[in-house]
Structures are given as C-alpha cells and as structure tokens.
Amino acid sequence: MRGDDYLSEGLFSYVSCEARVPAAPPLRAIRAIVDEALEVMSVDFDAMYSRIGRPSIPPEKLLRALLLQAFYTIRSERQLMEQMDYNLLFRWFVGLAMDAPIWDVTVFTKNRERLLAGDIAARFLSAIVGQSRVQALLSDDHFSVDGTLIKAWASMKSFKPKDGEASGAGQSGQAKAKGRNAERDFHGEKRSNATHASTTDPDARLFKKARGQAARLCHMGHVLMENRHGLVVDATLTHATGTAEREAALTMLSRMKGRHRITLAVDKAYDTVGFVDVLRDIGVTPHVAQNNTNRRSAIDGRTTRHPGYAISMRIRKRIEEVFGWTKTSGNLRKTRHRGQDRVGWSFTLTAAAYNLVCLPKLMARA
C-alpha cells in the first residue's frame, strides 16, 4: 500500500541530539578527548571572565564550534552558524539542545576575541598533548621541526611604501592608482620589507621560500612534531623572514619542560653552523639534512654515520602531512584573519584539530 505524502508534525518532541548521533562516529571519540582537555582548562577560563554581568557564550562551546570549522572545512564563521542551525551532529558536538537558538555571528566573533586575548589555543594544544593516554603515544626522544608559508589576507596592491611615496620606475604607475581596487603597474619598482608594508595587514611580509617562485605577502607557521606517530606537540607563527625557521625551532625547544637529550630532524634550510652549534649546546642532537650545494655542510660523518640519522631523515617528511591537512581541510592555505596574533591563534588551534583527527585511530590501535 502506498503511503500518503503529507507532513506530520507533533506538538511536542522528546528526541535529543544524543539519540540522533550514531553510536560510533569519529566525533564521539574526539568529543571525549576535547572534553577532558576543556576540563583541565576550566581554571584558565575562570580567570578570563568576570563573576558579574551578563553570561557570555561558554568558552567550551566556542572552542568546540571552532574545531568543527577546521574538521569540515567551513570557510567562514557565518557559514558555521548557518550549518549549526540545522545540523544535529554539529549541535551535539558543540553541546546545544535541539531547540536552542544559534548565536548571531557578530556575537560569536566578539566572544572569540576573548579567547585570543587569553592565548587559549596554545593552552588547548598543551592540554591535549598532556593527557596520559596521549602521552603514551608520543616519543620522548625524537622530534622534527619545519615551517610553512601561510598566505596573508592582503592584496599585493596593499604593499605600499612606508613613507607614502612611490619609488623608482614604478612612480608613474603609483600615481595612476586611484579609487578602490585600481590598477597598479609594479614594473621597475623596487619593493622590499624594509621600505614597504601592507596597509591591510602590516604583520605580513613579502617572502618566497625558493628561487623561481613568486614572492607573496605571507606569514610563516612552525610546527614541532614527535617522530613516533607524527603528532604536533607545539606550534607557533612568526613573521616570514630568512631566519624565522631556525629562531622558531629554538623557541619551541625552550618551551619543552623536563627535557633530556633528544634528536631534532630538520631540512636543509637549518644547515648553518650557528644553528647546529646552539642545538649541541642545549643538549639536542642535530639531525640536519646536509646542504652541500656550493658550500660545506655543518653536519659531518660524526652524525650521518649513525643509523638513527637516516631514520630521522625519512620520518621528518611526515611533518608535511600536518601542513597539508592544515592548508586543505583546515582551510589555512590563505588565512581568514589579519594580524600575527589572530593568524597565530588560528594556526595553533588548527594544529590541535589535526591531532584530534589522528588520535582516535591511534588510541584504537594502542
């Protein structure tokens, strides 16, 4: 018998989001890890908020919502609010009831800024890595570090002289640039970070990582990875400069607590005498890829003859999986924020999201 095509709505509904979510989706295992980390951070949240006044969006719900944005490659917070309104899985993960109203996007963004001021992303990453069941998966002795470029949310047309005057042969093209999104002729104009700056994002720098590539306005993100399962243990963001990778590596190593002697695998960009000497002075064995192109490498046979060096050279390439995920699924190929603080906060939270994607399978196999 054919059923009738009509809409039947009950006056009351007693079905919860919990009942609608399947018993074993990946988000259930991720939610358990996230909740444990947020419980540890409760003291940090208390210090950020006043005990009087109108209640804000709970910081736990804010972080869960921002993680969804990274998991499902949602391009904007406005689209995130729209999808949370009708997606029961999203409502369950964030912690909203079936009939709970969704926040206005401007309110959500304003509340998110408070988390930025408290450096919550770095503490969240640390709380995830610090869990006992996660610690059992991490290597204590072997690590890798690398950096990647993140395109800034700024046009090359915004890269203008700091003194407000055009320079060189590009002066005539600069004079013709009038109005919004006007044409610009950069031919013959000498531009550098010393004389020019972006009016849209002053923290962005003109940089390229290899010869033959076009220089772009960008930031530089850095990741410290443990070598056993390729999980991120620290992340930071800096200006894009020629020495930023080595400086960030030393900064992240200095933040490691209770560190004994370890190995650090890096690529050829780190092969300098100064960097290798600093690593040895602080008790780090430098597994640096040798750069023998028209120069002498700072790494010799004393390091390369050991079998562990070849293993580190092979495993360090897994750090590119972190960068690949953050730029595709994490939507950080080009940042949606301006300023080093906001971009760095987003980069660190996306690195934490990468760990959360990997951990359920690793824990199941352990």
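1. Asp271 is buried, since its relative accessibility is 2% and burial is assigned under 20%. This is a value from a predicted model, as is everything that follows. The side chain of Asp271 meets that of Arg295 in a salt bridge, with 3.5 Å from N to O. The pair links distant parts of the chain, for the two residues are 24 residues apart. Asp271 lies in the loop between β7 (262-266) and α12 (273-281), while Arg295 lies in the loop between β8 (284-288) and α13 (301-304). In contrast to its buried partner, Arg295 counts as partly exposed, at 35% relative accessibility.

2. The chain as a whole may now be described. Its secondary structure comes to 16 helices and eight strands. The C-alpha trace spans about 80 × 60 × 55 Å along its principal axes. The chain has 366 residues, of which 45% count as buried. If one takes the contacts between residues at least 6 apart in sequence, 67% of them join residues at least 24 apart.

3. Salt bridges deserve further attention. Side chains of opposite charge can pair when their charged atoms come close. The count of salt bridges comes to 14. One of them joins Arg28 and Glu18, whose closest N and O atoms are 2.9 Å apart. Here too the pair links distant parts of the chain: Arg28 belongs to helix α2 (residues 26-40) and Glu18 to helix α1 (residues 17-20), 10 residues apart. Arg28 is partly exposed because its relative accessible area, 22%, is not under the 20% required for burial. Glu18 is likewise partly exposed, at 42% relative accessibility.

4. A further salt bridge is formed by Arg112 and Glu113, with the closest N and O atoms 2.7 Å apart. Arg112 has a relative accessible area of 9% and is therefore buried, whereas Glu113, with 23%, is partly exposed. Which residues are joined into one network by salt bridges that share partners? The network consists of Glu77, Arg112, Glu113 and Arg342.

5. Two members of that network also appear where two helices meet. Helix α7 (residues 105-117) packs with helix α16 (residues 340-365) at an angle of about 90°, their axes being 10 Å apart. An angle from 65 to 115 degrees counts as roughly perpendicular, so α7 is roughly perpendicular to α16. On the α7 side the contact is made by Glu113, Leu115 and Leu116, and on the α16 side by Asp341, Arg342 and Trp345. By class, three of these residues are nonpolar, none is polar and three are charged.

6. Helix α5 (residues 77-86) brings in Glu77, another member of the network, which is among the buried residues of this helix. The other buried residues of α5 are Gln79, Leu80, Met81, Gln83 and Met84. What do the buried residues of α5 pack against? They pack against the helices α4 (59-71), α6 (88-94) and α7.

7. Leu27 is placed in helix α2. Is this residue buried or exposed? Leu27 counts as buried because its relative accessibility is 4%. Leaving aside neighbours within four places in sequence, Leu27 is in contact with Leu68, Phe71, Tyr72, Leu89, Trp92 and Phe93. For a sense of distance, Leu27 and Lys209 are 182 residues apart in sequence, and their C-alpha atoms are 36 Å apart in space.

8. Helix α11 (residues 244-254) has the buried residues Ala244, Glu245, Arg246, Ala248, Ala249, Met252 and Leu253. Against which elements do these buried residues pack? The elements are the strands β1 (142-151), β5, β6, β7 and β8, together with helix α12.

9. Asn227 is found in the loop between β5 (216-226) and β6 (232-239). With a relative accessibility of 7%, Asn227 counts as buried. Its side chain makes a polar contact with the side chain of Ser144, at 2.8 Å. Apart from neighbours within four places in sequence, the residues in contact with Asn227 are Ser139, His142, Phe143, Ser144, Ser312 and Ile315.

Conventions. Residues are numbered from 1 along each chain as its sequence is written. This is a predicted model: local features need pLDDT of at least 70, side-chain atom pairs count only at pLDDT 80 or more; totals for chains, interfaces and linings use all residues. Side-chain values use heavy atoms; hydrogens and water are left out. Axes are lines fitted to C-alpha atoms, for helices over the stretch in contact, and angles run from 0 to 180 degrees between N-to-C directions. Helices (H or I, at least four residues) and strands (E, at least two) are DSSP runs, numbered from the N terminus. Angles under 35 degrees count as roughly parallel, over 145 as roughly antiparallel, 65 to 115 as roughly perpendicular and the rest as oblique. Contact means heavy atoms within 4.5 Å. Ala, Val, Leu, Ile, Met, Phe, Trp, Tyr, Cys and Pro count as nonpolar, Asp, Glu, Lys and Arg as charged, and the others, Gly among them, as polar. Buried means under 20% relative accessible area, exposed over 50%, partly exposed in between (1.4 Å probe, protein chains only). A polar contact is a pair of N or O atoms within 3.5 Å; within protein, one must be able to donate a hydrogen and the other to accept it, and residues adjacent in sequence count only if both atoms are side-chain atoms. A salt bridge is a side-chain nitrogen of Lys or Arg within 4 Å of a carboxyl oxygen of Asp or Glu.
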